[in-house]
Amino acid sequence: EHILMSVEIPLQNGAVNAHQKFNIQLGDNLLDFEVNYVGSYTGEPGWSMDISRDGSKLVSGAMLVPGCDVIANYNAGIGLLIFVGDDPTLDNLGTANHLCWVAE
């Protein structure tokens, strides 16, 4: 029997959280997340994400885009990170949308 493991990654919104760092245990991996608001650079609001494990960067600059595995192109070997909900803005991150980890 295959049991699907899923965990929601806690994301904080608002200008005070425009640059946030935290770690979280996902399956066998303790991962360090760095999530940055990049709306001011691109003209479009958006969030980018870096993920490290034991000081080694696994994901760099992944954009939080709704409806997909946002780390699919990285071959990080840590499962899927599915971003669902509305397009992320500075004020709706983690409320109108959610980042969910799914074990592979």
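**Exercise 1. Bridge partners and the open sheet**

Find the bridge partner of C68 in β7 of this predicted model, then place β6 and β7 in their sheet.

*Solution.* Start with the residue: C68 has F83 as its bridge partner in β7. Next, look at the strands: β6 and β7 pair in the antiparallel sense, over two bridges. Now zoom out. The two strands belong to an open sheet of four strands, in the order β1-β8-β7-β6, with antiparallel pairing. Finally, check the ends: β1 (6-9) and β6 are the edge strands, each pairing on one side only.

**Exercise 2. A residue of β6**

Is D69 buried or exposed, and which residues does D69 touch once those up to four places away in sequence are left out?

*Solution.* First locate D69: it lies in strand β6. Then take its relative accessibility, 18%; the cut-off for buried is under 20%, so D69 counts as buried. For the contacts, leaving out residues up to four places away in sequence, you should get L80, L81 and I82. As an extra distance check, try D69 against N92: they are 23 residues apart along the chain, and their C-alpha atoms are separated by 19 Å.

**Exercise 3. The nonpolar core**

Work out how many residues the largest nonpolar core has and which element gives the largest share of it.

*Solution.* The count comes to 26 residues. Rank them by contacts inside the core, and the ones with the most are I9, F33, M49, L64, L81 and L99. Then sort by element: two or more residues each come from β2 (19-26), β3 (29-37), β4 (47-53), β5 (56-63), β7 (80-85) and β8 (97-102). The largest share is that of β3, with four residues.

Now pick M49 and list its contacts, skipping neighbours within four places in sequence. The list includes F33, L64, L81 and L99, and also V35, V59, A62, V70 and I71. Some contacts fall on other residue types, among them E34, S60 and G61. As background, nonpolar side chains tend to be buried together in soluble globular proteins.

**Exercise 4. Aromatic pairs**

Search the whole structure for aromatic pairs and classify each by its geometry.

*Solution.* The search gives two pairs. Take F22 and F33 to begin with: the ring centres are 5.2 Å apart and the planes sit at 5°, so this pair is stacked. F22 is in strand β2 and F33 in strand β3, eleven residues apart, and the pair links distant parts of the chain. Both phenylalanines, F22 and F33, are buried.

Then do Y37 and W47: 5.3 Å centre to centre and 65° between the planes make an edge-to-face pair. Since Y37 lies in strand β3 and W47 in strand β4, the pair ties together parts that are ten residues apart in sequence. Y37 and W47 are buried too.

**Exercise 5. Positive phi**

Where are D54 and N75 found, and are D54 and N75 buried or exposed?

*Solution.* Recall the rule of thumb: most residues other than glycine have a negative phi. D54 goes the other way, with phi near 55°. Its place is the loop between β4 and β5, and a relative accessible area of 72% makes D54 exposed. N75 also has a positive phi, about 45°, without being a glycine. You'll find N75 in the loop between β6 (68-69) and β7, and at 73% relative accessible area N75 is exposed.

Terms used: Residues numbered from 1 in each chain as written. Predicted model: local features only at pLDDT ≥ 70, side-chain atom pairs only at ≥ 80, totals over all residues. Heavy atoms only, no water. Core = buried A, V, L, I, M, F, W, Y, C linked by side-chain atoms within 4.5 Å. Buried < 20%, exposed > 50% of the residue type's maximum accessible area, 1.4 Å probe, protein only. Contact = heavy atoms within 4.5 Å. Pairing = 2+ DSSP bridges. Phe/Tyr/Trp six-rings, centres within 6.5 Å; stacked < 30°, edge-to-face > 60°.
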